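Hi,

Here is the structure I promised to pass on. Have a look at it first, and my notes on what turned up follow underneath.

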Amino acid sequence: MAAPLTLLLIVAVTIRAALYRSSLAELIAERVEVVSPLTAWKRVVEGLALLDLGVSPYSGDVFHETPLIIYLFHFLVDYAEITFMLADVITAVALYITVKDYNKQVFRKQKFALEADRYPADCLELIRSPKEMYYIPLKVAMFYLLNPFTILSCVAKSTCGLNNAVLSLFILSTIKGNVLLSAIFLSLATYQSIYPLTLCAPALLYFMQRLYIPVNVRRASFWWFIVQFAFMYLGSLFVIICLSFFLLGSWDYLPSVYGFILSVPDLTPNIGLFWYFFAEMFEHFRLFFLCVFQINVFFYTIPLSIKLKEHPVFLVFMQLAVIAIFKSTPTVGDIALYMAFLPVWSHLHRFLRNIFLVSCVLLACSALFPVLWHLWIYAGSANSNFYYAITLLFNVAQILLVSDYFYAFLRREHHLTYGLYLKKKDGSEATLILK
Amino acid sequence: MAARRCSASVVLLFLCGLSVFVAANEQNTTPTGGYRAAEADSPRTPAEAAGHPAAEDGRWEATEVGDAAPADAEPDERDASRPGTTVPQPKDDFQEELVIRPLHSGDIYASFQFRTLWETDFMKGNKVSHYRLFPKSVGQVISKFSVRELHISFTQGYWRTMQWGQPFLPSPPGAELWVWFQDTVTDVDGMWKELTNVLSGIFCASLNFIDSTNTVQPSASFKPLGIDNVTDHRFLRYATLPREIVCTENLTPWKKLLPCGSKAGLSVLLKSEKLFHSSFHSQAVHIRPVCQDSECKTTSWELRQTLNVVFDLHTSGQGKREWSLFKMFSRTLTEACPLASSSKIYIDITDNPEGELFELTPATPLLSQAVLMGDRRTFSVYDLTQQITFGTMRSLNLLIRWKSSEGHMLRPLLHAERYVAGYGLQAGEIHTLMYNNHPYRSFPVLLLDSVPWYLRLYVHTLTVTSKGKDNKPSYIHYQPSKDRERPHLLEMLIQLPPNCVTEVTVQFERALLKWTEYTPDPNHGFYVGSSVVSSLVPSIVAMDTNSSLERPLFSNFFPCKEESSYFVRIYTEPLLVNLPTPDFSMPYNVICLTCTVVAVGYGSLYNLLTRSFQIEEPSPGLAKRLANIIRKMRGVQPL
């Protein structure tokens, strides 16, 4: 299994290296779908230039990276391409190991359930065989590395690739059961872009499941574990924030990074929902809608964790998707991360309702983004509404995709409990509906 | 004198701290005239020192000393004989003058200057309540806002340096305001805000649009022009409004500040219907403290009002190359302002010593010389305080009739222009070109750029190239912008190599603004104020080392420091930049559509989270349901 992975890595690195050398790299680096004001490489270079001029990079409104990133590239700026390729490789390998481990656990659980005779008799065709699960880890790595979104993001040197690497390391250490490392990587991810905060819930659920701690609010052991995890998480977050403070000697970065993420002052177009909405917003309602939209990202955490408390890895997938759709400045790199998980849920395909339509819409939108951008910005024959319409459609497609997978997952769980071929009282074939 | 010249040469070494309008106005003939000349000379101004070597130059001076002396003796006698000013030393003084220069393009450049000097102290809690010549509104502004220096200009049109040469007083298109506050001021920004609003009222201009998004604090480009050279730029505020349109409503309040209003003296010429029918119009007010005497024991406040106009010959002269005061201003002069201690008209005849280029009537015997922008100019002088000037007609109507359209102009040594490169509405590049036309000397220039926040500059893309080679600026002061708070400020000290173009480029990105932040005509574009290029330019007089034909040999072996450079400030064109615009007609639609998408996300997740899977039971038909209800009432088993 190591050989195909190595081959994949070599192919992926070659594609990236070739694109770096081509004239396309500059074009890609300017694309608003690929880079946001938060992740643009041009702005990192600007931050470094400001540091060289003796000006605090946070005194202006161009640089919004965290201090650790600027210090990382202070040393690595000449090796930026290698760094970004390495980040992608790390992400892919981490996801590969994660999924491999996860599949083992799934298989073991399935075996126990079969032995305990817990599945209804007609559900045998829903049982997953080791043969079909064998290539899933490789597919996940491939979905990440060869996804055009990831390649574009890497060639544009969007720092989103680094965030993805941190997130995948967090998932890996969670699956491996390392509480401390998991807390540290999660705090790093949170430090980079607030939103991964919501991944606390799946991590906690996973650890509790693994350590046989009952998820019960009346049990002391439950609360004790939460306190332990919170201590590690907040402690490492505190250390990172203080470290950033000592690196720059000021707290300027807090409003410049987190204030920027939360208050969305820069309305540069992107694939998200925020930019045009807040460009057209009545000033009077601005704060209200800002709060609504930001809360929307965090809002789904608790209901999702209640519904999916037995399935923390699917919860991770859902959370990543919700963040990628509803965050203030999404880029295609964020989408690539949750899309890498799609092969893990390949067994759900028989329950998906509109996957064909959704994939067509996603593909069409991806092609239309540059076209309508050109018509608006360069040709002047379209206006902002055209581009906005495409972002809307793209987001609707993403929402449908995610909710479709969620539906399929719940439906499969239902079938695993009640049998696949359900009958009505009168013995005729029944249809399942949500009520 | 030695100390003064020494201090002047020390100051010369610095680029800053130079007085541009003293340089423009300094004359050889004035020092003969009593206390007034001493007032004019600020001890720090190098241009003043630049005048003196010329005074020692015998050959040039001999022709005019005889002419100039009576002209200057006269006003003193008038002063003494005039009722109302019998006090031993009047504390205030008013002078007016008009300089007319025929330009080589065929246009006429007319520059008015009105200077009011007042030996008083607005500061230290003094309650100044008795005003004579000095306008009360200005005096109150100075004392209320603790202003040390105030410079404001309103300009319509762009000064074409390459066609017209250097102006006496440069100003950018639109409105420009820069103020030095006293160092006792604690809340400079608050003072600035109030001051701009007050000035907005005084001059009927949109100065109230000056806020933190277009105000900068230049660190080197704008130094105080008056005495007490405190250079902490915390007390300096600089702002331009390139979009400001100057018209007659700005001229009327400006004229009201003059002691004679528009009733007498040179100001009767200021008729707005003619002044604004011109290629270039600029009016300015400069307030600064100056020295009263050579030891600088007492200081006085100087209010200098200037108005520069360039008339297009073809529109004002109906195609004939001929003009007169009447044609230009539709007025002739009949008297000086009675309150003025000096009232003169200067005609630049440097290029016309023998009268071969144009003919000037009535002729005047008075001549004056001045070193102006490093160039020795000769002027015909008309002294309006002498009755003889007005002749038998009791009115003065200067007339210039051109004889030939020949003539060449010395190319200005420093010239700058600017444009935006690139296409599309996403990014762009600002190119600033600076021309050093000096054949063999390089000199440093200070470039000041203030760019609004919605053009996000990337300072790492800054390149300075001359002759195809990288030219690293020796000093860069950069302040990045804050969204909706403050603009970018970029100041650089660049050495311009001789006889070549230096190009400064910097890339920017155009921001998408909120729909309420656009101007009512968003597709017209957004203005970016002029860049300011300040420099010490090597003078033309010292430029030609081999043209020693007209000068004694002993005078020109070593280049004379005082005369060898002069201060110049030039402004580039303002830029007009388009930004991407949202659709202004559909905020409701956008709010509805985006919220719908969010609701689709919320709804589908809510659906899956709260409901559970159930087997669909077909609902019975209506008749059956009705029958069941009836059966239930009857107590029979339902169907």
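Let's start with a small piece of chain B: an open sheet of three antiparallel strands, in the order S9-S14-S11. Strand S9 (322-324) and strand S11 (358-361) of chain B are at the edges with a single partner strand each, so one side of each has no neighbour in the sheet. On average, and ignoring direction, neighbouring strands here are turned by 10° against each other. S9(B) pairs with strand S14 (residues 399-402) of chain B through three bridges, in the antiparallel sense. If you want a spot to zoom in on, Ser324(B) sits opposite Leu399(B) of S14(B).

Before you read on, keep in mind that this is a predicted model.

Zooming out to chain B as a whole, you'll find 15 helices and 27 strands. The chain has 639 residues, and 56% of them count as buried. Its accessible surface is about 26700 Å², with 56% of that on carbon and sulfur atoms. Among the contacts in chain B with a separation of 6 or more, 77% are between residues 24 or more positions apart.

Now the charged pairs. The count over all chains is 26 salt bridges, and here are a few of them.

In chain A, Asp101(A) and Lys176(A) form one, with 3.4 Å between the closest N and O atoms. Asp101(A) belongs to helix H5 (residues 80-115) of chain A, while Lys176(A) is in the loop between helix H9 (160-175) and helix H10 (179-193), so this pair ties together parts 75 residues apart in sequence. Are the two partners buried or exposed? Asp101(A) has a relative accessible area of 16%, so it counts as buried, the cut-off being under 20%. Lys176(A), at 42%, is partly exposed.

Also in chain A, Arg353(A) and Asp404(A) form a salt bridge, again with the closest N and O atoms 3.4 Å apart. Arg353(A) is in the loop between helix H18 (332-339) and helix H19 (355-379) of chain A, and Asp404(A) is in helix H20 (residues 384-418), 51 residues apart. Arg353(A) is exposed at 53% relative accessible area, whereas Asp404(A) is buried at 2%.

Over in chain B, Arg484(B) pairs with Glu517(B), and their closest N and O atoms are 2.4 Å apart, which you may want to check in your own viewer. This one links two loops 33 residues apart: Arg484(B) is between strand S20 (475-479) and strand S21 (488-496), and Glu517(B) between strand S22 (500-510) and strand S23 (526-528) of chain B. Both count as partly exposed, with relative accessibilities of 22% for Arg484(B) and 27% for Glu517(B). There is also a network of salt bridges with shared partners, made up of Arg43(A), Asp266(A), Arg456(B), Asp483(B) and Glu509(B).

That brings us to the interface. Here 55 residues of chain B touch 69 residues of chain A. Together the two chains bury about 5900 Å², 66% of it on carbon and sulfur atoms. On the chain B side, Gln426(B), Leu608(B) and Phe613(B) supply 14% of the area buried against chain A, more than any other three residues. Three salt bridges cross between chain B and chain A. Asp266(A) and Arg456(B), for instance, meet through their side chains at 3.3 Å, N to O.

Cheers

Conventions: Residues numbered from 1 in each chain as written. Chains lettered and ligands numbered in written order. Predicted model: local features only at pLDDT ≥ 70, side-chain atom pairs only at ≥ 80, totals over all residues. Heavy atoms only, no water. Helix = DSSP H or I, 4+ residues; strand = E, 2+ residues; numbered from the N terminus. Buried < 20%, exposed > 50% of the residue type's maximum accessible area, 1.4 Å probe, protein only. Contact = heavy atoms within 4.5 Å. Areas by Shrake-Rupley, 256 points an atom, 1.4 Å probe, with all protein chains shown as cover. Pairing = 2+ DSSP bridges. Axes fitted to C-alpha atoms, helices over the stretch in contact; angles between N-to-C directions. Salt bridge = Lys/Arg side-chain N within 4 Å of Asp/Glu carboxyl O. Buried area = accessible area lost by both parts, 1.4 Å probe.
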